[in-house]
Amino acid sequence: MFGRRRADDAPRGRRHSLRLRLVIVLVTLLAVVSALVGLITVVALRGFLVGRLDASLTAAGQRSSQAGTLTSDDDDPTNAGGNHFLLAPGQASGTLGARVVSGKLTQVGVLKDDGSIQNISIESVSVLLHVAVDERPHTINVGSLGDFRVLAARSPDGDVLITGLPLDDVDRVVLRLIALEVAVAAGAILAASIVGAIIVRRTLRPLQRVAGTAERVSTLPLSQGEVALTERIERRDVDDRTEVGQVAGSVNRLLDHVTGALTARHESETKVRRFVADASHELRTPLAAIRGYAELTRRIRHDAPPQITYAMERVESEAARMTTMVEDLLLLARLDTDPVLASEPVDLTHLLLDVVSDATASGPDHNWRTRFPEAPVHVRGDAASLHQVLANLLANARVHTPPGTTITASLSATNSTTAVITVVDDGPGIPEDLVATVFERFARGESSRSRASGSTGLGLAIVRAIVEAHHGTVEVTTRPGQTSFVVRLPAIE
């Protein structure tokens, strides 16, 4: 939850911060609620206004029916007097009136604001013929006149009188309401976004402090050595009554457990290192005695049987191998306890040349190559320790590759600030499952890379310990036909 996210762990799709997501949810919820309230309000208002309009329409239809019938000389549709059913007292301006005789429109007019009647072309309003004669309001579009609520009723003389009222006023009020609701909702959403962002930010500050503490802990070197894990979440953020406070308390308890575990681990490592150092120190004397007596016996017993001579040679050889291992263990124990080495200018060019010369003598069945820059490369450090680094790298390449392998040792400097030592061989490569632990102590690879002699598995561990004591880095890349060890050290002018 609180660890740093690696680049190769990027989630599918774009993730946003919790704060932004909370604000988005708040604003979205407010927008949805505003839209629902607005929709319900508009529908309710339109229904109310249409209901009022229908009541007025019913009254207008009744007034038209009571206005009387046409006389025989009223057949001329242009005769305003024939449209007297529109002139009934109380009719509102904009009222539409039409007469249907024997299924045909005979008269159509609209009452104007000045009380006169505007005659309408019958052909342009033929849609009125489709109005059901049920004395119930219907909504229709009357061409250029717009939308009307109309009802059709049969008059005492058997003709059909159609009365309509325009929906313009209703639509105008509804549109104004929609515009007002949109403006109010937009303002409310904007205000809620600002206020919500402020509130969410303040509310999540304790969680941000918890994350900050976890982030600082994640950057501490907890893998080895004594670790002073003093990071804790402030007491003000620990509160069992809130979710964030519960998380803060849990993190503090976790850090307490981690501190205890790290302390126990460090004490255990210290005991093991002390034991290794003491045991190695105590073994040096008996190993030296074994080697001495074995060598003495081999020299003075010229007449000894071949089996005894061979046995003494093996005793001497294994004692020498054990002595080397003990010396390596002592060196690692010293570097673990006190990694500070001598600090003096060291010419890496001269040092690498000497080490390659020694390696050539030790491995004449390998092809040795060197690459040096034109100018000498210097670092500050311990010459003997750096000599051992180079010797171990070359010995590792020689021991773990078959005869005829080409081993190239090169030296370069990048921007005069970093010295780079590279040892490359064209052997079979390091097994893939060993690459991750190749610099660990007693790491051995028994397959894929031939071994001409035994190995303690401490050579590369010593390389890493010495390089890190010089504030440098070492890494390996491998594939069949090319294995490369690269050491980088701070260079000096």
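Val-195 lies in helix 2. In this predicted model, the residue is partly exposed, because its relative accessible area of 46% falls between the 20% and 50% limits. Val-195 also belongs to a nonpolar surface patch of about 470 Å², which it makes together with Leu-190, Ile-194, Ile-198 and Ile-199.

A second patch on the surface carries positive charge and gathers Arg-19, Arg-201, Arg-202 and Arg-205. Helix 2, which covers residues 168-218, supplies three residues to this positive patch, the largest share. Arg-205 has its place in helix 2. With a relative accessibility of 41%, Arg-205 counts as partly exposed, because this value too lies between 20% and 50%.

The two residues described individually are set out below.

| Residue | Element | Relative accessible area | Class |
|---|---|---|---|
| Val-195 | helix 2 | 46% | partly exposed |
| Arg-205 | helix 2 | 41% | partly exposed |

Turning to the protein as a whole, the fold comprises eight helices and 13 strands. The chain has 493 residues, of which 35% count as buried. Its accessible surface amounts to about 28,700 Å², and carbon and sulfur atoms account for 56% of that area. Among contacts with a separation of 6 or more, 62% are formed by residues 24 or more positions apart.

Conventions: Residues are numbered from 1 along each chain as its sequence is written. This is a predicted model: local features need pLDDT of at least 70, side-chain atom pairs count only at pLDDT 80 or more; totals for chains, interfaces and linings use all residues. Side-chain values use heavy atoms; hydrogens and water are left out. Patches are made of residues with over 30% relative accessible area and no salt bridge: like charges are joined within 9 Å, nonpolar side chains (Val, Leu, Ile, Met, Phe, Trp, Tyr) within 5 Å. Accessible areas come from the Shrake-Rupley method with a 1.4 Å probe; for residues, only the protein chains shown count as cover. A salt bridge is a side-chain nitrogen of Lys or Arg within 4 Å of a carboxyl oxygen of Asp or Glu. Lys and Arg count as positive and Asp and Glu as negative; His and the chain ends are not counted. The place of a charge is taken as NZ of Lys, CZ of Arg, CG of Asp or CD of Glu. Helices (H or I, at least four residues) and strands (E, at least two) are DSSP runs, numbered from the N terminus. Buried means under 20% relative accessible area, exposed over 50%, partly exposed in between (1.4 Å probe, protein chains only). Contact means heavy atoms within 4.5 Å.
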